[in-house]
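Subject: Structure for your review

Dear colleague,

Please find below the structure that I am handing over to you. I would be grateful if you could read the notes after it alongside the coordinates.

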Amino acid sequence: MRDSIKRQYTKEWLQFDRPQPMYDKSINKFYDNFYKENPVHNHDLDNIFKNKFIEWLDNHTLNSFIGYKEFKYLDICVGCTQFIDDIYQRVGQENVMIFENDYKYHWRLNNNINYTTLDTLTSTKELIIAMPFPYCGDVHTDMQSILDKCEALNIPVHIDGAWISCCRDITFNFNHPAIATFAISLSKGGLGGNRIGIRFSKKRPNGAITIMNDFNMNCQSLVSMGIKFIDTFGAEYFWKQYESKYKKVCKDFNLLPTKTIHLAKTIDDKPVGVRPLLRCL
């Protein structure tokens with residue numbers, strides 16, 4: 001069930017089909033005030049955002065992310081979805097491997113997708129995998145084995161870090177030899193309607209994102225909003241604001257907590273979205 005202003009604090013508003021990322025009145029107010037208070041500026045905007053973004057990652061205290069500073073090239077992207085699109089465009093849909101229960105966007109692009117497994121990883125293709133993984137709101141249970149096998153088979157791995165802006169208690173080292181690129185965006189932290197993020201790479205890929213950055217084609221309003229958003233809300237806003245409410249929802253509806261603010265699990269281990277109930281509180 002989609003969220004709406006008619007939401008009620010009842011189990012009927014749990015989201016089983018499409019768990020939606022969190023937002024609240026403070027985010028809506030931020031949107032409403034942004035353009036009249038912060039006219040878009042263009043003085044070195046991209047580098048300001050990149051520096052702010054690294055500071056934002058550095059300021060995470062509920063998670064432990066390391067290794068990201070080993071990636072020399074930072075390119076702005078319109079959220080992790082553009083990051084994914086860029087990979088498909090560069091290598092071809094038939095040369096991308098996806099694990100089952102990853103981001104549904106992959107399935108929407110190809111309803112007949114053949115999911116890979118740890119045993120069927122192949123050296124002729126490249127892998128995209130989300131971290132945190134959407135189905136469980138945590139690092140994929142086989143992540144270390146996946147990365148190690150990809151290293152052994154010389155498979156480039158691309159990490160979709162879209163949920164980093166709404167998770168806690170996750171430890172991850174991006175500097176694994178198999179990881180070629182990764183992207184992190186602010187979308188799931190509240191900017192879903194104004195997606196903006198950074199792609200990190202050690203060897204810069206030739207493709208749309210690189211061209212957009214090289215020729216100053218990034219949308220300045222999105223970059224400017226990303227800067228202001230980081231300054232306004234900082235890191236891990238939703239967990240710091242809603243932790244007690246999240247625990248109440250899990251207790252009241254007999255749900256198991258995950259490490260992602262808008263996602264819980266049923267007692268039979270099925271993911272369920274809790275955004276409408278959080279917003280009721």
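The notes below cover the conventions, helix 2 and the core, the enclosed and open spaces, and lysine 248.

This is a predicted model, in which local features need pLDDT of at least 70 and side-chain atom pairs count only at pLDDT 80 or more, while totals for chains, interfaces and linings use all residues. Residues are numbered from 1 along each chain as its sequence is written, and side-chain values use heavy atoms, with hydrogens and water left out.

Helix 2 and the core

Helix 2 comprises 14 residues, 45-58 (helices are DSSP runs of H or I with at least four residues, strands are E runs with at least two, and both are numbered from the N terminus). From first to last C-alpha it reaches 20 Å, close to the 20 Å expected at 1.5 Å a residue (1.5 Å times one less than the number of residues). Its buried residues (under 20% relative accessible area with a 1.4 Å probe, protein chains only) are Leu45, Asp46, Phe49, Lys50, Phe53, Ile54, Trp56 and Leu57. They lie on the same side of helix 2 because they cover an arc of only 165 degrees around the axis, taken from the directions from the helix axis to the C-beta atoms. Among the elements covering them are strand 1, strand 8 and helix 7.

Phe49 and Phe53 are also among the residues that touch the most other members of the largest nonpolar core, which has 88 residues (buried Ala, Val, Leu, Ile, Met, Phe, Trp, Tyr and Cys joined through side-chain atoms within 4.5 Å). Beyond four places in sequence, the contacts of Phe49 (heavy atoms within 4.5 Å) include Ile76, Leu186 and Val223.

Cavities and pocket

On a 1 Å grid over the protein atoms alone, a cavity is a set of points where a 1.4 Å probe fits but cannot get out; a pocket is an open set with protein on both sides within 12 Å along at least five of seven lines, and lining residues have an atom within 4 Å of a point. The largest cavity holds about 90 Å³, and Trp163 is one of the residues nearest its centre. The largest pocket holds about 940 Å³. Of its 35 lining residues, Arg18, Pro19, Gln20, Pro21 and Trp163 are the closest to its centre. Helix 4 gives the largest share of that lining, 5 residues.

Lysine 248

Lysine 248 lies in helix 8 and touches Tyr9 and Leu281, residues up to four places away in sequence not being counted. Lysine 248 counts as partly exposed (20% to 50%) because its relative accessibility is 40%.

Yours sincerely

Notes:
Grid points are joined across faces, edges and corners, and a volume is the space filled by probe spheres set on the points.
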